[in-house]
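Subject: Structure handover and findings

Hello,

I am passing on a structure that you have not worked with before. Please look it over first, then read the notes below.

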Amino acid sequence: MEDNWTQREASSPFAVVLLAAGKGTRMKSSLPKVMHSLGGQPMVSHILRTVETMSPDRIVVVIGPEMEDVAAAVAPHVTVVQTEQLGTGHAVIQARSALNDFKGDIVVLFADTPLITADTILALLSACANENSTSVAVLGFRLEDPTGYGRLFYDVNGELEKIIEDQDATESEREITLCNSGAMVFKSGVLFGLLDNIGNDNAKGEYYLTDVVAHVRVNGGKCSVLEADVRELQGINSRSDLAQAEAIMQTRLRERALAGGVTLLDPSTTWMCVDTRLGRDVVVGPNVFFGPGVVIGDAVEIRAFCHLEGVCVAAGAIIGPFARLRPGARVGEGARIGNFVEIKSADVESGAKVNHLAYIGDARVGKDANIGAGTITCNYDGFSKHHTDIGSGAFIGSNAALVAPVSIGDRAIVGAGSVVTEDVEDDALVVARADQKSLRGGASRWRKRHLTDQS
Ligand code: UD1
Ligand code: MG
């Protein structure tokens, strides 16, 4: 199945200007808006990834001052800095020097509209290219409650005449439900000439990119409109918008997993990242969270309420319920990780079992080893982390504390409740705990003494 990340081709040269300089005031955040995460990746990375699949001839990202994190997220693409956020039109002007010598159509996209697909951008490019008289193509969508969006205003002949921003619209103009998505294509050579003509005499005192439409029309030109699905074009301005966009993203990721041969027992409760990779015949129970960097092999069963990030699980393993696999956990073929087990930076080799209430961190658990309930690798001494090595076929009794650095040999047995501070040889049986003491009749004597004390 083709997804949004499959390579696409455009027929003629084009460049992309991606606007990401806005402060995102409505997010009420110290993070730039486009760095907020969607499907486990910054918003800006999403749209860039989509754009990259189309192999444009150039990509220019407009960022704000002191947005080093955004520049790093979009590297190695060219960035230009808009020193003052004077509006979307002003932002596009900042890309002029980077595109001066560029001959081809220019696509303007907003980084706060990250759900747009490559197919839709390609369709917009075609809408502009296919009509000789068209110099700008605008991507629109319909919304029952269009509050906040610019509205596409048609003349009596049904041609796009202008875009009216929400704050500048009259009561009747606000009734228009056809919205501007922000994505536009400009025919080769027209963009910067148009932008030279826009002013900032409007409700926000900003240079609106949307004003180019009226300029094109006044000069006898034509603007085409392509309508697309709102689920691709919702802008993200607030936390509420972000939550809605995340819901759309999660639906897409679940559909991709299902189409790829994964069973999700309760799809609406599976949370995934864009880079989550699930093999064939994987079965995911209800309420499972896949953070970034998870790769799951074929026929793995992940039972309910597991939390995984930065993890690689090989074929046929069974995880959970209620397991937490943290970054650097690698689980081998057919291994079992059971309830209330936490694994971090550790290799649990094939066939090994860590079935109940254990912490395995900075460790290797050898092939077919069995780790008893409550076992802890004591990996941290308050200053540094240390490694625990557990050999193949070793048996660690319940409630053992393995104080790292320590190594347990192949096929060794560690008695329950042991605190192991020294290396254990292959095939050795070790018990490291106080000897048991038994007093015959002691229990009766104990009770008698207490009853006497109370009387
Ligand atoms: C904008 C459109 C509106 C459209 C909506 C779609 C304008 C004037 N308005 O409104 O018609 O319906 O998007 O979501 O174009 N940005 C900069 N520099 C700036 C200002 C913004 O780079 O000075 C960037 C932002 O980072 C963002 C994008 O441009 O990625 C859009 O800016 P935003 O302030 O979100 O515009 P909207 O109010 O959503
Ligand atoms: Mg916006």
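What follows is a list of findings, grouped by topic.

Conventions

This is a predicted model, in which local features need pLDDT of at least 70, side-chain atom pairs count only at pLDDT 80 or more, and totals for chains, interfaces and linings use all residues. Residues are numbered from 1 along each chain as its sequence is written, chains are lettered from A and ligands numbered from 1 in the order in which they are written, and side-chain values use heavy atoms, with hydrogens and water left out.

Domains

The domain assignment splits the chain into domain 1 (14-233) and domain 2 (252-430); such bounds come from an automatic or database domain assignment. Taken over C-alpha atoms, the centres of domain 1 and domain 2 are 46 Å apart. Domain 1 puts 9 residues into the contact and domain 2 puts in 7 residues, where contact means heavy atoms within 4.5 Å. About 510 Å² is buried between domain 1 and domain 2, and carbon and sulfur atoms give 54% of that area. Buried area here is the accessible area (1.4 Å probe) that two parts lose on being put together, summed over both. On the domain 1 side, G39, G40 and R49 lose the most area to domain 2, together 62% of what that side buries. Between domain 1 and domain 2 the count of salt bridges is 0; a salt bridge is a side-chain nitrogen of Lys or Arg within 4 Å of a carboxyl oxygen of Asp or Glu.

Strands

Helices (H or I, at least four residues) and strands (E, at least two) are DSSP runs, numbered from the N terminus. Two strands pair if DSSP finds at least two bridges between them. An open sheet of 10 strands has parallel pairing and runs in the order β12-β15-β18-β21-β24-β26-β28-β31-β34-β36. Its edges are β12 (263-264) and β36 (429-430); each has a single partner strand, so one side of each is left without a neighbour in the sheet. Within this order, β26 (residues 353-356) and β28 (residues 370-371) run parallel and are joined by 2 bridges. V354 has I371 of β28 as its bridge partner.

Strand β10 (residues 178-186) is mostly covered, with 9 of its 9 residues buried. Buried means under 20% relative accessible area, exposed over 50%, and partly exposed in between (1.4 Å probe, protein chains only). Strand β6 (residues 105-110) pairs with β10 in the antiparallel sense over 3 bridges, and I106 has F186 in β10 as its bridge partner. Strand β7 (residues 134-142) also runs antiparallel to β10, joined by 6 bridges; there F141 stands opposite C179.

Magnesium site

Which residues are the protein donors of the magnesium ion (ligand 2)? They are D112 (OD) and N237 (OD1), lying 2.0 to 2.3 Å from the ion. D112 is in the loop between β6 and α5 (118-130), and N237 is in the loop between α8 (230-233) and α9 (239-259), 125 residues apart. Both D112 and N237 are buried. Donors are N, O and S atoms within 2.8 Å of the metal (3.2 Å for Na, K and Ca); water is not among the atoms, so sites may look incomplete.

Salt bridges

The whole structure holds 17 salt bridges. D112 also takes part in one of them, with K33, the closest N and O atoms being 2.8 Å apart. K33 lies in the loop between β1 (14-19) and β2 (37-38), so the pair ties together parts that are 79 residues apart in sequence. D112 has 12% relative accessibility and counts as buried, as does K33 at 10%.

A salt bridge also joins D101 and R58 (2.9 Å, N to O). D101 counts as exposed at 52% relative accessibility, while R58 counts as partly exposed at 27%. In addition, R151, D166, E171 and R174 are linked in a network of salt bridges.

Backbone details

The peptide bond from G320 to P321 is cis, with omega near 5°, and P321 lies in the loop between β21 (318-319) and β22 (324-325). Another cis peptide bond joins A404 and P405, with omega about 0°.

Regards
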